[in-house]
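Work through these short exercises with the model open. Try each task before reading its solution.

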Amino acid sequence: MDVEYRQARSEDMLACARVFERALTDMARRFGRPLPEIQVNQVAKALEHVRRTDPGGFHVAVSGRRVISNAATILRGRTQYLSSFWTLPSQQGRGIGRRVLERAFGRPRAPPGTIRCVYASLDGGAQALYLKLDMLPRTLVYTPKGRPEPSSSPRPRIELRQVGPTSATSRASLDLAARFDR
């Protein structure tokens with residue numbers, strides 16, 4: 001399959017939103033989560049805002065005339081944030097997403113010492129790719145323990161347990177993240 005990698009254009013945003021919809025729906029199914037209700041036109045508008053404000057960081061992979069993957073980064077000073085990264089489920093695992101992501105982080109060139117960051121999903125493949133591209137993914141994971149107790153209020157009691165220190169990277173957090181890569 002021929003794949004063209006290029007900077008995203010305004011006319012790509014609806015297609016990027018559709019890739020987001022299909023990939024997010026697929027991920028929800030795989031993780032046994034409720035299927036999301038997505039307003040594709042609203043997503044396209046939000047993506048267009050990102051593209052317009054940081055055009056150098058928004059890239060797509062196109063096969064034929066079809067967008068099959070997209071990634072968008074936002075560069076502010078010495079922080080480069082991955083704001084969006086989605087690949088059609090049928091194209092995942094082929095290296096297409098990685099190439100798009102590399103382009104999004106490579107253009108514009110960030111100044112030395114820039115921190116790459118992402119609020120990551122629980123998808124193991126994405127987590128592994130983030131680590132390979134020098135990102136330390138951050139996500140909140142709540143792990144309820146014990147048997148649920150009946151609750152008279154609409155909000156059940158959940159005990160949260162912090163895994164490590166906030167705003168710091170530890171050997172334990174890197175080992176935990178590395179498990180996703182393996």
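**Exercise 1.** Is Arg51 buried or exposed? Classify the residue, then describe its surroundings.

*Solution.* The model is predicted.
- Step 1: locate the residue. Arg51 sits in helix H2, which covers residues 40–53.
- Step 2: take its relative accessible area, 16%.
- Step 3: apply the cut-off. Buried means under 20%, so Arg51 is buried.
- Step 4: look for a polar partner. The side chain of Arg51 makes a polar contact with the side chain of Glu48, at 2.8 Å.
- Step 5: list the neighbours beyond four places in sequence. Arg51 touches Ala8, Arg9, Ser10, Met13 and Phe58.

**Exercise 2.** Where is Gly95 found? Classify its accessibility, then relate it to Leu129.

*Solution.*
- Step 1: Gly95 lies in the loop that links strand S4 (79–87) to helix H3 (96–106).
- Step 2: its relative accessibility is 30%. Partly exposed lies between 20% and 50%, so Gly95 counts as partly exposed.
- Step 3: Gly95 and Leu129 are 34 residues apart along the chain, and 9.8 Å separates their C-alpha atoms.
- Step 4: Leu129 belongs to helix H4 (residues 124–132) and is one of its buried residues, along with Ala126, Gln127, Ala128 and Tyr130.
- Step 5: Asp134 follows H4, with a positive phi near 65 degrees.

**Exercise 3.** Which pattern does the protein chain follow along the sequence? Add the chain totals.

*Solution.*
- Step 1: count the elements. There are five helices and five strands.
- Step 2: read them in order: β-α-α-β-β-β-α-β-α-α.
- Step 3: of the 182 residues, 35% are buried.
- Step 4: the accessible surface is about 12000 Å², and carbon and sulfur atoms hold 51% of it.

Notes. Residues are numbered from 1 along each chain as its sequence is written. This is a predicted model: local features need pLDDT of at least 70, side-chain atom pairs count only at pLDDT 80 or more; totals for chains, interfaces and linings use all residues. Side-chain values use heavy atoms; hydrogens and water are left out. Helices (H or I, at least four residues) and strands (E, at least two) are DSSP runs, numbered from the N terminus. Buried means under 20% relative accessible area, exposed over 50%, partly exposed in between (1.4 Å probe, protein chains only). A polar contact is a pair of N or O atoms within 3.5 Å; within protein, one must be able to donate a hydrogen and the other to accept it, and residues adjacent in sequence count only if both atoms are side-chain atoms. Contact means heavy atoms within 4.5 Å. Accessible areas come from the Shrake-Rupley method with a 1.4 Å probe; for residues, only the protein chains shown count as cover.
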